[in-house]
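Me: I'm new to reading protein models. Can you walk me through some features, one at a time?

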Amino acid sequence: MNLQKDFHKYNLIIGWGVFFIALLTYGLSVEPTVSFWDCGEYIATSAKLEVGHPPGAPFFQMVGAFFATFAPSSDKIALFVNYVSVFSSAFTILFLYFIIVNLIKKVAKPNVEELSKGEMIAILGSGVVGGLAYTFSDSFWFNAVEAEVYAMAMLFMAVMFWLGLKWTDNLNTPRGDKWLLLISLIVGLSFGVHFMACLLYTSDA
């Protein structure tokens, strides 16, 4: 039995399973219209590609404008812009799952071939527990169902952390530094959403 191949396969299947649980949860509980805070401004500036309050969130607004184009009528624009946070949060859970599995595997046994079946189940189960615990946490769920920048900012933070792990996993490979280019791209895009994503970048640096 090729344990490394099986581990990779089950890791992908379970990770996307956790993603769809989060997507279903947030999709069923998404705000049907405008909620309080800055959501109304973000919805309006996204739908019309206008300028929001400083420092602005141009990348969020461009993604929001893309989602708004699928609204069947003007009264559904708010709902469809809210779906930006739904998908961003679901993908955050996906990357969080992969981050947890990667870290737990490093602590347990870096060599997958040395893992027993029970250890493999424990590692994958840790990712499921961590991902779903964060899925149903109050503050994250609250931001996952409305048009605010925090859900997408969390996605950028999760992606940057995951890319950092991929870089360390491939440090000794001929093209291992390609992950640094992706990290640089994500850092640049994160400025178009929220500066809090740079907290992860500065802590890694």
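Reply: Sure, let's start with Leu-49. This is a predicted model, and Leu-49 lies in the loop between H2 and H3.

Me: What is the sign of phi at Leu-49?

Reply: Phi of Leu-49 is near 50°, so to read it, look at the sign and the residue type together: the value is positive, and the residue is something other than glycine. Leu-49 is also exposed, with a relative accessible area of 55%.

Me: Okay. Which peptide bond is cis?

Reply: Check omega for that one. The bond from Pro-54 to Pro-55 is cis, as its omega is near 0°. Pro-55 sits in the loop between helix H2 (39–48) and helix H3 (58–68).

Me: Let's zoom out. How many helices and strands are there in the protein?

Reply: You get 9 helices and 0 strands. Reading along the sequence, the pattern is α-α-α-α-α-α-α-α-α. The radius of gyration is 19 Å, close to the 17 Å that the globule rule gives for 205 residues, so the protein is as compact as a globular protein of that length.

Me: What box do the C-alpha atoms fill?

Reply: Taken along the principal axes, that box is roughly 55 × 35 × 25 Å.

Me: And how much of the protein is buried?

Reply: Buried residues account for 42% of the 205. The cut-off to keep in mind is that buried means under 20% relative accessible area. On the outside, the accessible surface comes to about 11000 Å², and 69% of that belongs to carbon and sulfur atoms.

Me: What share of the contacts joins residues 24 or more positions apart?

Reply: Take the contacts with a separation of 6 or more: residues 24 or more positions apart account for 74% of them.

Me: Now salt bridges. What's the general idea?

Reply: Side chains of opposite charge can pair when their charged atoms come close. Here the count comes to 1 salt bridge. Lys-106 pairs with Asp-169, and their closest N and O atoms are 2.5 Å apart. Lys-106 belongs to helix H4 (residues 77–108) and Asp-169 to helix H7 (residues 149–169), so the pair ties together parts that are 63 residues apart in sequence.

Me: Are Lys-106 and Asp-169 buried, exposed or something in between, and what are the percentages?

Reply: Lys-106 is partly exposed, at 33% relative accessible area. Asp-169 counts as partly exposed too, at 37% relative accessibility.

Me: What about greasy spots on the outside? Which residues make the nonpolar surface patch?

Reply: Leu-12, Trp-16 and Phe-20 make the patch, which covers about 290 Å². You'll find Trp-16 in helix H1 (residues 3–29), and this residue is partly exposed, with a relative accessible area of 35%.

Me: Last one. How do I read the surroundings of a single residue, say Tyr-134?

Reply: Begin with where the residue sits, then list what touches its atoms. Tyr-134 is in helix H5 (residues 117–135) and counts as partly exposed at 27% relative accessibility. Not counting residues up to four places away in sequence, Tyr-134 touches Tyr-26, Ile-93, Leu-96, Phe-140 and Met-154.

Me: How far apart are Tyr-134 and Phe-60, in sequence and in space?

Reply: In sequence, 74 residues; in space, 23 Å from C-alpha to C-alpha.

How values were computed:
Residues numbered from 1 in each chain as written. Predicted model: local features only at pLDDT ≥ 70, side-chain atom pairs only at ≥ 80, totals over all residues. Heavy atoms only, no water. Helix = DSSP H or I, 4+ residues; strand = E, 2+ residues; numbered from the N terminus. Buried < 20%, exposed > 50% of the residue type's maximum accessible area, 1.4 Å probe, protein only. Salt bridge = Lys/Arg side-chain N within 4 Å of Asp/Glu carboxyl O. Patch = residues over 30% accessible without salt bridge, like charges linked within 9 Å, V, L, I, M, F, W, Y side chains within 5 Å. Areas by Shrake-Rupley, 256 points an atom, 1.4 Å probe, with all protein chains shown as cover. Rg over C-alpha atoms; globule rule 2.2 N^0.38 Å. Contact = heavy atoms within 4.5 Å.
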